[in-house]
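Colleague: Before I set up any calculations, I would like to go through the backbone, the buried loop residues and the internal cavities with you.

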Amino acid sequence: MLPDIKPFKIAVPDSAIAALKAKLAKAAYPDEVDFSDVWNYGATRNDVKRLAKHWEDGFDWRAQEQKLNKLPHYMTKISVDGFEPLDIHFIHQRSSQSNAIPLLFVHGWPGSFLEVTKILPLLTEPRQGQSFHVIAPSLPNFGFSQQVRQRGFALRQYAECMHKVMLQLGYENYGRMTLTAKHGTLPGNFAPELMLHTVTQGGDWGFFITRLIALHYPKHCLASHINFPLVRPPPAKSLWFGLQYLLGQYSHTDKQWLARTLWYFAEGAGYMMQQSTKPSTLGFSLADSPVALLGWIYEKLHDWTDDYPWTDDEILTWVSIYQFSTAGPAASLRIYYEAYHSRKASFRCTRYVPSVPLGISYYPKDLFVVPKSWGKCLGPVVYEATHTHGGHFAAFEKPELFVADLQSMFGEEGGAHGVAQTLSSTV
């Protein structure tokens, strides 16, 4: 085991579970009206009430905890410039295959490391195709990572933190993993002369964070894959894209994607303004009321997916990660405020980032879905995939499609195949 990296087990105190059940037992709900169960108005009363009741007396967190603890969890301390050191939780699942590529998977809000659980076995031990070593951290303020207690921890700092997690794991210079005496001994099939290479994957805030890694650490990140192509084309391009739309040069699919994006900004983005401007006010509700937290997150799970058949246990496990998080659910909102109030530094990654090869997967029910011609404004695109199904939480909704895209991007016919080839050439 490497120094400063310790195995970790999820162990929510009995008192926290008891406190949750006590609050759920006393929960109050809005009066029923004829539109209480109309999704256009938000999370529906009957669904939230049913889920809360199940959370109180039917849902078995310990069973979910036991299942999650079968995964390889770790904890390490990371120092981000200008901030107190943070305990960072992460999953690190290594492949048994010698040509596996280290992949940093970064979640967003209201996601968590839970999003990686379905794709772990498909990426690490595939029946065929490229394999990966997967590193899936909990961002600071999320999951079982520590809370940031100082102001100004924005996307640049999240990127630095994730970058340093990889360095802490021994992925020297991010693109290379050189196992030396200072790193101790790693179990498995690693050899001291082996040099590994790292790529990143991100959606939601993971899009911004992994893009900033590519921007600020281009020598350490060999390639990036994204499934949330939020792009700000340069002014000349924006004018041209607008003219293309007016001239009817966009395909039917392009228009459907743009319609989904416009729906999001018109009907689904109110939460973003609240969390970007006054997260502490909303935080009182989420910290005190598990029903408020449930409704706030469940609305996104419903609206941001492509008719995914959520089970009640899946929803409650997802929300419980926030309820039982080390920092508390209110802390997760602050990423919006800090990003919004450091826009110049935070959103540089929505423009062209050179040097690092880019792969993009398009899912029709994501939140920001743009024509592929726009996606090319993000960087040197070497791989594109267009899907007819899937939404914002693609790794959880469509794990097979998600994994197939990564394998195709780095496979023999993929535009990033050279990354995998570089691995064998350095041994």
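The exchange below deals with a predicted model.

Colleague: Which peptide bond is cis?

Modeller: The place to look is the loop between strand S4 (101-106) and helix H4 (120-124), where Pro 110 lies. The bond that leads into Pro 110 has omega near 0°, and the cis peptide bond is therefore the one from Trp 109 to Pro 110.

Colleague: Is Asn 141, with its positive phi, buried or exposed?

Modeller: Asn 141 is placed in the loop between strand S5 (132-137) and helix H5 (155-168), and its phi is near 80°, a positive value in a residue other than glycine. Buried means under 20% relative accessible area, and because Asn 141 has a relative accessibility of 4%, the residue counts as buried.

Colleague: What is the relative accessible area of Asp 204?

Modeller: Asp 204 also has a positive phi in a residue other than glycine, here near 60°, and is found in the loop between strand S6 (199-202) and helix H6 (205-216). Asp 204 is buried, with a relative accessible area of 9%.

Colleague: Which residue shares a side-chain polar contact with Asn 227?

Modeller: Asn 227 lies in the loop between strand S7 (223-226) and helix H7 (235-246), and is buried at a relative accessible area of 5%. Leaving aside neighbours within four places in sequence, the residues in contact with Asn 227 include Gly 203, Tyr 363, Asp 366, His 392 and Phe 402. The polar contact between side chains, at 2.8 Å, joins Asn 227 to Gln 201.

Colleague: What is the volume of the largest cavity?

Modeller: The count comes to 3 cavities of 30 Å³ or more. The largest cavity is lined by 16 residues, and those nearest its centre are Phe 105, Glu 115, Gly 203, Asn 227 and His 392; the elements that give two or more residues to this lining are S4 and helix H16 (394-397). By class, the lining has 7 nonpolar, 7 polar and 2 charged residues. The volume of the largest cavity is about 110 Å³.

Colleague: How many charged residues has the lining of the second largest cavity?

Modeller: The second largest cavity, with a volume of about 50 Å³, has among its lining residues Phe 83, Glu 84, Gln 146 and Arg 149. Glu and Arg count as charged, and by class the lining has 4 nonpolar residues, 3 polar residues and, for the charged class, 2.

How values were computed. Residues numbered from 1 in each chain as written. Predicted model: local features only at pLDDT ≥ 70, side-chain atom pairs only at ≥ 80, totals over all residues. Heavy atoms only, no water. Helix = DSSP H or I, 4+ residues; strand = E, 2+ residues; numbered from the N terminus. Buried < 20%, exposed > 50% of the residue type's maximum accessible area, 1.4 Å probe, protein only. Polar contact = N/O pair within 3.5 Å; in protein donor to acceptor, adjacent residues only side chain to side chain. Contact = heavy atoms within 4.5 Å. 1 Å grid on protein atoms, 1.4 Å probe; cavity = no way out; pocket = protein on both sides within 12 Å on 5 of 7 lines; lining within 4 Å. Points joined across faces, edges and corners; volume = space filled by probe spheres on them.
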